[in-house]
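Reader: Please take a close look at one residue late in this chain and describe its surroundings. Then set that part against the rest of the fold.

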Amino acid sequence: MSTLVISDGDLYACDFNLSIQLGLNDTICQNTLIKVNACGNTCFTMVSCGLSHTFALDDEGNLWGCGNNCYGQLGLQDNIQQIVFTKIPKNAFFMMVSSGCFHAVVLDSKGHVWSRGGNYYGQLGLQDNIDRNVLTKVPSTDTSFAVVS
């Protein structure tokens, strides 16, 4: 999965797209960069790609996602795949996003980490192995984080 955020905030994508992870409202494979138009005038600042899903952050701290959602990794409170970028219900102003194969974590402006998706190995950091389909705040002591990866 290849996706780029251009300096003007537009999102461009290219790759396989069988899991609709490009957010182009189709499953057509793209071998050249194509502009993602599904989000109107949204200005994107960051993007992160999982195995078959994609997340993007906009300049207002909103998280957008599309693609496979079999483990709830999009955080939409369901497991339904999304063919276009869909705004994720937010609990905070998000600064950074990082995707794994079937999960993702986001960092908010207060240094808190939120996670969702597949949790077979405990990769969500939630002290269990239960999958989540909603953003869940990762418990921490008084630690404020600066980066997620």
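Author: This is a predicted model. The residue chosen is V147, and, apart from neighbours within four places in sequence, V147 is in contact with M96 and L107. V147 belongs to the segment that follows β11 (132-137). Its relative accessibility is 57%, and because the cut-off for exposed is over 50%, V147 counts as exposed. V97 lies 50 residues away from V147 along the chain, yet the C-alpha atoms of the two are separated by 9.0 Å.

The contacts of V147 lead to two strands. M96 falls in the range of β8 (94-99), and L107 falls in that of β9 (103-108). Both β8 and β9 supply at least two residues each to the largest nonpolar core, as does β5 (53-58). That core has 13 residues, and the members that touch the most others are F55, L63, I88, F94 and V106. As a general point, nonpolar side chains in soluble globular proteins tend to be buried together.

F94 deserves its own description. Residues up to four places away in sequence aside, F94 touches L57, G61, L63, V106, L107, D108, W114 and L135. L107 is thus named twice: F94 touches L107, and V147 is in contact with L107 too. Two of the residues that F94 touches, L63 and V106, are also listed among the core members with the most contacts to other members. There is also a second, separate core, made of eleven residues, and L11, A13, L22 and C66 are among them.

The wider fold can now be added. The protein has zero helices and eleven strands, so its elements, read from the N terminus, are β throughout. Of its 149 residues, 48% count as buried. Among contacts with a separation of 6 or more, 41% are between residues 24 or more positions apart. The C-alpha trace spans about 45 × 30 × 20 Å along the principal axes. The radius of gyration is 14 Å, which agrees with the value near 15 Å for a compact globule of 149 residues.

The surface and charges complete the account. The protein exposes about 7400 Å², and carbon and sulfur atoms supply 52% of that area. There are 7 positive and 12 negative side chains, and the centres of these two sets lie 7 Å apart.

Note on methods
Residues are numbered from 1 along each chain as its sequence is written. This is a predicted model: local features need pLDDT of at least 70, side-chain atom pairs count only at pLDDT 80 or more; totals for chains, interfaces and linings use all residues. Side-chain values use heavy atoms; hydrogens and water are left out. Helices (H or I, at least four residues) and strands (E, at least two) are DSSP runs, numbered from the N terminus. The radius of gyration is taken over C-alpha atoms; the globule rule is 2.2 Å times the number of residues to the power 0.38. Buried means under 20% relative accessible area, exposed over 50%, partly exposed in between (1.4 Å probe, protein chains only). Contact means heavy atoms within 4.5 Å. Accessible areas come from the Shrake-Rupley method with a 1.4 Å probe; for residues, only the protein chains shown count as cover. Lys and Arg count as positive and Asp and Glu as negative; His and the chain ends are not counted. The place of a charge is taken as NZ of Lys, CZ of Arg, CG of Asp or CD of Glu. A nonpolar core is a set of buried Ala, Val, Leu, Ile, Met, Phe, Trp, Tyr and Cys residues joined through side-chain atoms within 4.5 Å.
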